[in-house]
Every structure is written in C-alpha cells, then in structure tokens.
Amino acid sequence: NPFLPKDSPIMAMNSAYELKGCYDLEHVKHPSVSRVEERTARRLKHGYYASVSYVDACFGRLIAGLKELGLDEDTIVVVWGDHGWKLGEHGSWCKQTNYEIDVRVPLMIRVPGRNSPGARCDRLVELLDLFPTLCDAAGIATPEEMEGVSLTPLLVDPDRKWKSTAFSQFHRSPRVTPDNGRYMGYSMFTDRHHLVEWRRWDHLAGKAGDSVAIELYDLQVDPDENVNLAQDRETQPLVKKLTERLKRVWPKSR
C-alpha cells in the first residue's frame with residue numbers, strides 16, 4: 001500500500017526525514033510523503049532485513065550462552081522494540097506516525113516457571129506494562145505511581161480476558177505540515193478499531209487545543225489502515241463513543 005490512507009489528514013503522515021540524514025536520497029515534492037526509486041527501495045529493504053537477521057542470530061548466541069552457563073532457568077528475558085518501521089507503506093519510510101505499522105512492536109517475554117513456552121498472545125498490551133511486569137516477575141514491589149499493568153498473568157494464560165484499549169500519541173511539528181501547524185495525535189486501539197484524534201498543540205504551554213481531525217480504521221476488514229472511516233455517516237455513533245472514551249483516559253489531553 002504505497003499510498004496515503006484514503007481521507008486521512010495531512011498531519012497524520014511523516015516525512016521520512018530520517019532517510020535524508022542517513023542516506024543520499026532525493027525526496028519528492030509532496031510536503032509529507034517521501035518516495036524512493038524502486039532500485040533504492042530494494043536496497044533499503046535488503047539492508048533492513050539483513051539487520052533483523054543479524055540481530056536474530058546474535059540473540060540466539062546470547063540465549064545459547066545462558067544455557068551453557070546454567071543461567072537460563074534463573075533469568076528473565078524480554079525482547080522488544082520501541083517502535084515499528086515502514087518500508088514504503090503509506091508512501092513513506094521509517095517511523096513516527098500513529099499508524100499500527102509504527103506503533104506495534106515486537107514483544108517476547110520468558111519468565112522461568114511462569115510462561116507457556118512458545119505461546120502467542122493476541123491481547124492488547126503496552127510498553128508501560130513492562131516495568132510492573134519485571135517487578136512482579138522478580139518479586140520486587142511495584143511503585144504505586146506506575147501506570148502499567150503486570151503481564152505475568154498472560155504468561156500463564158495467554159487467552160485470558162485483558163484490557164480493552166491501548167494508547168499512544170505522537171507529535172507533528174511545523175516542519176512537516178503544509179500549514180506550518182503544530183499538532184498532537186492521540187491514538188487509541190480496541191480489539192477491532194483504531195481511533196486517532198488530532199489537536200492543535202501549544203508546545204510552550206504543553207497542552208492541546210481544538211480538535212482538527214479524526215481518523216478511524218476498522219482493523220478487522222482493513223488491517224493495513226488504508227481507509228479512514230471517521231467521516232462516514234454510519235460510523236458517527238462509533239466515533240462519538242470512542243472519542244468520549246479517549247477523553248476519559250486523557251481528560252486534559254496532555
């Protein structure tokens with residue numbers, strides 16, 4: 001899907017400016033989308049997949065070393081990433097959007113004696129859950145100010161009922177928006193839908209202003225998030241319901 005989602009607001013997409021800083025590439029004229037030639041795209045994808053294969057091999061060596069030292073049954077292992085990565089999807093590259101391809105990350109957890117080996121879990125979890133998870137697994141008291149939820153129950157039963165929403169947010173600076181505006185995108189996932197609300201952002205005061213755009217994607221029928229349904233008449237009740245839930249979580253839109 002090398003194109004912007006249908007009916008998506010322009011501030012939703014990044015400019016892939018990271019390529020400009022790391023590679024000798026020419027960018028297209030579109031203010032928020034960067035395209036590369038097919039030959040260059042193949043080279044970039046080749047390098048990306050090679051790096052993933054290399055890290056995977058190094059990780060295998062690390063685990064083998066733990067086993068050789070007899071530490072594998074006394075070591076908590078977490079493999080994770082801080083963001084996803086686009087390889088031309090939505091006409092862009094790198095990270096820095098609220099789309100699932102950038103927000104969803106790899107996450108593997110092994111706690112000796114507490115996990116179902118090799119099991120896959122499809123429940124909604126967030127990176128802020130990792131701190132209380134590690135505290136719980138290590139037998140350390142979790143600080144009261146932690147917002148996350150320990151994931152250790154999911155290690156025992158990956159199919160158990162869990163949280164119904166997951167959240168993220170991303171700032172869009174004036175240098176990548178056509179109107180030189182500054183915005184904050186508040187993102188909320190449910191088991192089926194993905195809602196993003198864009199608000200004007202006052203970076204000096206550190207707070208959000210008026211809502212300027214809404215995105216809604218049905219991940220069941222549109223997992224690649226190619227069509228924004230927020231403006232469709234039949235989705236308005238759902239948009240209202242989800243935006244109200246989002247405001248309850250971020251009442252001050254901080």
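Where does D7 sit relative to α1 (17-22)? It's in the segment before that helix. And keep in mind, everyone, that we're looking at a predicted model here.

So what's the phi of D7 doing? It comes out near 65°, which is positive, and D7 isn't a glycine. Just as background, most residues other than glycine have a negative phi. As for its surroundings, D7 is partly exposed, with a relative accessible area of 48%.

Okay, next one: E225. You'll find E225 in the loop between β8 (207-218) and α6 (236-249). Here again we have a positive phi in a residue other than glycine, near 55° this time. Is E225 buried or exposed? Buried: its relative accessibility is 1%, and the cut-off for buried is under 20%.

Last stop is S150, which lives in the loop between α4 (130-138) and α5 (152-156). S150 has a relative accessible area of 15%, so it counts as buried too.

Which side chains does the S150 side chain make polar contacts with? One is the side chain of D136, at 2.9 Å. Another is the side chain of T152, also listed at 2.9 Å. If you click on those in the viewer, remember that D136 also turns up when we skip sequence neighbours within four places and ask what S150 is in contact with. That list reads D129, P132, T133, D136 and W162.

So, to recap the two backbone cases: D7 has a phi near 65°, E225 has one near 55°, and while D7 is partly exposed, E225 is buried. That's it from me, thanks.

Methods: Residues numbered from 1 in each chain as written. Predicted model: local features only at pLDDT ≥ 70, side-chain atom pairs only at ≥ 80, totals over all residues. Heavy atoms only, no water. Helix = DSSP H or I, 4+ residues; strand = E, 2+ residues; numbered from the N terminus. Buried < 20%, exposed > 50% of the residue type's maximum accessible area, 1.4 Å probe, protein only. Polar contact = N/O pair within 3.5 Å; in protein donor to acceptor, adjacent residues only side chain to side chain. Contact = heavy atoms within 4.5 Å.
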